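Reader: I'm new to this structure and would like a close look at a single part of it. Could you take me through the empty space inside and whatever sits around it?

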Amino acid sequence: MSGIRALVFDLDGTLYDSEGVGRQIDASAMGHVAAVRGISPEEARLLIRETREQIAARTGRTSSLSHACLELGIDLRELHRRFAAEIVPEPFLTRDERVVELLQRLGERFELHIYTNNNRHLSSRIMTALGVDGCFRRVFTIEDSWRPKPDRQVLEEIFREIGQEPSHCLFVGDRYDIDLRLPEELGCRVFHSRTVDELLTIETILA
């Protein structure tokens, strides 16, 4: 891991684990797809699942909720306006001092950034609830491009924005196909962290 200058973290599922927040996001997405398509929420749930499975079968990679919604003709701007209005993450989040202290230590050695498919409003609320809102130099959200990850064009823009070559970046995320595969293909190092406990071991590879 020599030469690393910047760490780029995914947010949801990486810096915290919360089934409650995930359920809210899924329910809001189902409600929106149902309203747009004129179907029931249960029919929307099945449609989203089938669409993600079709994308995975076609590409050989796990599909994000965002890409499934795009495939269904959903306007991501409208979807995220609904997310911002409906989702209340705070009751499902608690500040984990271990994560806060980890990021503070890492921030003394590296530039820290966030890259998330979430919107600015929810990302800000989540980071505030976690106590990590002051830890990052830049927060890149879906609203910067309306092109959900994985997306090569967006990644190249992030490298320009933070002034780093891919080989100097370590990407950290819980979903390999969505968060990490493309950065790795572009020359970044990656750290696959599926739980907070796994995230807390990141310093062992950066020593």
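How do the residues of the lining of the largest cavity divide into nonpolar, polar and charged?

Author: Happy to. A quick word on the ground rules: this is a predicted model, where local features need pLDDT of at least 70, side-chain atom pairs count only at pLDDT 80 or more, and totals for chains, interfaces and linings use all residues. Numbering starts from 1 along each chain as its sequence is written, and side-chain values use heavy atoms, with hydrogens and water left out.

Now to your question: the lining of the largest cavity has seven nonpolar residues, no polar ones and three charged. Here Ala, Val, Leu, Ile, Met, Phe, Trp, Tyr, Cys and Pro count as nonpolar, Asp, Glu, Lys and Arg as charged, and the others, Gly among them, as polar.

What counts as a cavity? On a 1 Å grid over the protein atoms alone, it's a set of points where a 1.4 Å probe fits but cannot get out, while a pocket is an open set with protein on both sides within 12 Å along at least five of seven lines; lining residues have an atom within 4 Å of a point. Grid points are joined across faces, edges and corners, and a volume is the space filled by probe spheres set on the points. The count comes to one cavity of 30 Å³ or more, and the largest holds about 40 Å³ of space.

Around that space you'll find Tyr115, Lys149, Pro150, Asp151, Leu155, Phe171, Ile178, Asp179, Leu182 and Pro183. Helix α8 (residues 176-185) gives the largest share of this lining, four residues. Helices (H or I, at least four residues) and strands (E, at least two) are DSSP runs, numbered from the N terminus.

Several lining residues have a story of their own. Take Lys149, which lies over the face of Tyr115, 4.7 Å from the ring centre; the rule is that NZ of Lys or CZ of Arg is within 6 Å of the ring centre and within 35 degrees of the ring normal. Lys149 is also joined to Pro150 by a cis peptide bond, with omega about 5°. Pro150 belongs to the loop between β3 and α7. That loop also holds Trp146, which has a positive phi of about 55° although it is not a glycine. Most residues other than glycine have a negative phi, and most peptide bonds are trans.

Phe171 is another lining residue, and it leads us to the aromatic pairs. A search of the whole structure finds two of them. Rings of Phe, Tyr and Trp (its six-membered ring) pair if their centres lie within 6.5 Å; planes under 30 degrees apart count as stacked, over 60 as edge-to-face and the rest as tilted. One is Phe9 with Phe136, edge-to-face at 6.1 Å centre to centre and 70° between the planes. This pair links strand β1 (residues 6-9) to the loop between α6 (120-130) and β3 (138-140), 127 residues apart. Phe9 and Phe136 are buried, meaning under 20% relative accessible area (exposed is over 50%, partly exposed in between; 1.4 Å probe, protein chains only).

The other brings us back to the cavity: Phe159 and Phe171 have ring centres 6.3 Å apart and planes at 80°, so that pair is edge-to-face too. Phe159 sits in helix α7 (residues 152-162) and Phe171 in strand β4 (residues 169-173), twelve residues apart. Both are buried.
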